[in-house]
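Got the viewer open? Here's a short walk through a few helices, one selection at a time.

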Amino acid sequence: MQQLEDEVTRLAALSPEERMAGGSLVPFTKLVGLIHRLMDTAESVVDGNDASGAADSRFFVFVERAESWCDALNDFIPPGKAGVLVGSAPPSPVASGPTKQAAAPLIVVAHQARLRTFGAARDAYRRGQQWSMCLRYSERVDAVHRAILSFYQQQPPQAPGVEAQLRSAATAVARSTLSVGGLQSKLGRHNTALEHTRAAADVVAPLLRQLSSEHSAAVAAGDDSAAQRLKQELTNVGALRVAALYSTAAELEHLDRPAEALPLLQEALHAATVESPLPSGHPLVAKIEEALQAFESDRATSVASSVLSGARAGRVGRPLGPSAQRSSRKSSGQSRRSGSGRRAASEPSSARKPPTRLPPTAGAVPPRTADPSHSA
């Protein structure tokens, strides 16, 4: 740790002119490498803990230090060089752990270091069920993914690889936004969660249209390799759309707006089984079907209750005699006074228990596949 500190101190002591001398990328790549080395140390602390994977205080000391080094990264990017490719990008976490990556623009390499740092902190707080802190770092991860998307949106569309990177970045934004929404929901902030789940769906919709068009073109051209790759992308993005629709329905149910939730569940089931079929036995499909069955059960109960109420009204609807009318008016007045008292003592709407028709949305984000460019 002290050796890393000393190296960073030497880099920080360089003047702006020395950092940028001749457009050199050496100070930048050194700092990025030091951040990843520090995160290797932090992650080894977690791996060495008990089976729960809980992080101890040393882990958070390392992460805090890595954050401060990440804050300095932009000062080491020479002017006009943000898009310059680094020949061998530093390690970045994917499903199987840190690995080497292909070349990437400097600014994206800097963002990858931030994703690794913020993502590790988010995961540690999630394991510890410290949801407010988990949300804080999830929002930081989401902001970095959006910065990467913004960078690629500013590149010429005809530039090599930009289109694929745009899709990858947009998919990462949809996933991170949906994750933030799930945490907001867990903390009871359902209006904010609804905004995030809808935003995720808005990001995914044009992606699906583009992928579907490209897949059809690849099939028509007989390009089996491209068709297979695009089919896999369609499946991954389709799962995100299903998760976004389901999560949006769940938030509407929490907000006592079931009439708006039902069509979204129906759309989610159609998307999961017809438009972009999910693998057989996918847990999201079971959740959606369970929720729709609950809606149907509630509807049947409501209809039966209405019929029963009507039958009762038919039986007691005969004209009352004078004495019965007086008794009825007296009873009605007492009932109104009693009902008023119950309403006054009832819980405010904000204190009501959340609906149970839909399972929680925190687990609705489909499992992430390894993505070499946007991995946290």
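Which hand does the crossing of α6 and α7 have? It's left-handed, meaning the near helix is turned anticlockwise from the far one by less than a right angle. Before going on: this is a predicted model, where local features need pLDDT of at least 70, side-chain atom pairs count only at pLDDT 80 or more, and totals for chains, interfaces and linings use all residues. Residues are numbered from 1 along each chain as its sequence is written, and side-chain values use heavy atoms, with hydrogens and water left out.

Select residues 131–153 for α6, then add α7: their axes come within 8 Å and cross at roughly 160°. That makes the pair roughly antiparallel (angles over 145 degrees). Color the contact by class and you get 14 nonpolar, seven polar and four charged residues.

Keep α7 (residues 162–186) and bring in α8 (residues 190–221); these axes come within 8 Å too, crossing at roughly 155°. So α7 and α8 are roughly antiparallel as well, and α7 passes α8 in a left-handed crossing. Their contact divides into twelve nonpolar, ten polar and three charged residues.

Now jump to α4, residues 57–71. Show side chains for Phe 59, Phe 62, Val 63, Ala 66, Glu 67, Trp 69 and Cys 70: they're buried (under 20% relative accessible area, 1.4 Å probe, protein chains only). Look down the axis of α4 and the buried residues fall within an arc of 165°, so they line one face of the helix. Spin to the face turned away from the buried side for Ser 57, Glu 64 and Asp 71, which are exposed (over 50%).

Terms used
Axes fitted to C-alpha atoms, helices over the stretch in contact; angles between N-to-C directions. Helix = DSSP H or I, 4+ residues; strand = E, 2+ residues; numbered from the N terminus. Parallel < 35°, antiparallel > 145°, perpendicular 65-115°, else oblique. Nonpolar A, V, L, I, M, F, W, Y, C, P; charged D, E, K, R; others polar. Expected span 1.5 Å × (residues − 1). Arc of directions from axis to C-beta.
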